[in-house]
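Trainee: Got a minute to walk through a model with me? I'd like to go over some residues, strands and empty space.

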Amino acid sequence: MMRPLIWVPFLGALALFAVIAWGLYKPADRVVHSALVGQKLPAFNLPPIVPGKPGLATAAFATGKPRLLNVFASWCIPCIAEAPQLLKLQQAGVEIDAVAIRDTPDAIADFLARNGDPYRSIGDDRASMVQLALGSSGVPETFVIDGQGRIVQQHVGDIRAEEVPGLIAAVRNAR
């Protein structure tokens, strides 16, 4: 009677291992189904953070041309990791604007010098008010904005190389 019970802990550990392995193997869903998708961008007007590059305002997104809005920071390690992908997006003709979160002009200038500058404009959001209004929970996050200034898609985390074609398509389809 006791002999079969000896296998219960082993089978329980094996089941736990299988669940953990499945969770690690399953790819993460990086598209957030935000309540703001389909809504206009919240109103904002951010000053520039680096000399020679304009700040950013909501009006810049209602020009008829879709673009990306990247929320980033110089102190963010995943932001460094996604920098090459942002440069690929820019080289593919995607316009990218940015909101710098809780940062300084010198740190942003250094970040751009080290990692490249794919941004058309960068707004200074030192108090994270625009970040919070966008429903962004951290950095980096990227939003696909259509030509009328509506949020079409929200991408959480750093952009990976395999996600670049999908973002290019999302911007092109966001007319």
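Trainee: Leaving aside its neighbours within four places in sequence, which residues is S136 in contact with?

Mentor: Keep in mind that this is a predicted model. S136 sits in the loop between α5 (129-133) and β7 (141-145). Once the neighbours within four places in sequence are set aside, the residues in contact with S136 are V71, Q131, E141, F143 and Q154.

Trainee: Is S136 buried or exposed?

Mentor: The cut-off for buried is under 20% relative accessible area. S136 has a relative accessible area of 6%, so that loop residue counts as buried.

Trainee: Which side chain does the side chain of S136 make a polar contact with?

Mentor: Look back at the contact list of S136, which includes E141 and F143. A polar contact needs a pair of N or O atoms within 3.5 Å. At 3.3 Å, the side chain that pairs with S136 in this way is that of E141.

Trainee: On to β7 then. How many of its residues are buried?

Mentor: Take the two faces in turn. On one side, E141, F143 and I145 are buried, and on the other T142 and V144 are buried, so both faces are covered. The strand is largely enclosed by the rest of the structure, because the number buried is five of the five.

Trainee: Which residue stands opposite V144 in strand β4?

Mentor: Strand β4 (residues 67-72) and β7 run antiparallel, joined by five bridges. Across from V144 in β7 you'll find L68.

Trainee: And in β8, what is the bridge partner of E141?

Mentor: β7 is also joined to strand β8 (residues 151-156) by five bridges, again antiparallel. Along that pairing, V144 stands opposite Q153. For E141, the bridge partner in β8 is V156.

Trainee: What is the phi of G149 in the turn of the hairpin?

Mentor: The hairpin is formed by β7 and β8, with five residues between them. G149 lies in that turn, and its phi is positive, at about 85 degrees.

Trainee: Switching to E95, which side chain does its side chain make a polar contact with?

Mentor: E95 is in the loop between α3 (77-91) and β5 (96-101), and at 23% relative accessibility it counts as partly exposed. Outside its neighbours within four places in sequence, E95 is in contact with K65, R67, L68 and R120. The polar contact, at 2.5 Å, is with the side chain of R67.

Trainee: How far apart are the C-alpha atoms of E95 and Q153?

Mentor: Q153 belongs to β8, where it stands opposite V144. Along the chain, E95 and Q153 are 58 residues apart. In space, their C-alpha atoms are separated by 15 Å.

Trainee: Last topic, the empty space. Which element gives the most to the lining of the largest cavity?

Mentor: The structure holds one cavity of 30 Å³ or more, and about 40 Å³ of space lies in the largest cavity. Its lining consists of F72, C79, A83, L86, F111, G116, P118 and Y119. By class, that makes seven nonpolar, one polar and no charged residues. With three residues, the element that gives the most is α3.

Technical notes
Residues are numbered from 1 along each chain as its sequence is written. This is a predicted model: local features need pLDDT of at least 70, side-chain atom pairs count only at pLDDT 80 or more; totals for chains, interfaces and linings use all residues. Side-chain values use heavy atoms; hydrogens and water are left out. Helices (H or I, at least four residues) and strands (E, at least two) are DSSP runs, numbered from the N terminus. Buried means under 20% relative accessible area, exposed over 50%, partly exposed in between (1.4 Å probe, protein chains only). A polar contact is a pair of N or O atoms within 3.5 Å; within protein, one must be able to donate a hydrogen and the other to accept it, and residues adjacent in sequence count only if both atoms are side-chain atoms. Contact means heavy atoms within 4.5 Å. Two strands pair if DSSP finds at least two bridges between them. On a 1 Å grid over the protein atoms alone, a cavity is a set of points where a 1.4 Å probe fits but cannot get out, and a pocket is an open set with protein on both sides within 12 Å along at least five of seven lines; lining residues have an atom within 4 Å of a point. Grid points are joined across faces, edges and corners, and a volume is the space filled by probe spheres set on the points. Ala, Val, Leu, Ile, Met, Phe, Trp, Tyr, Cys and Pro count as nonpolar, Asp, Glu, Lys and Arg as charged, and the others, Gly among them, as polar.
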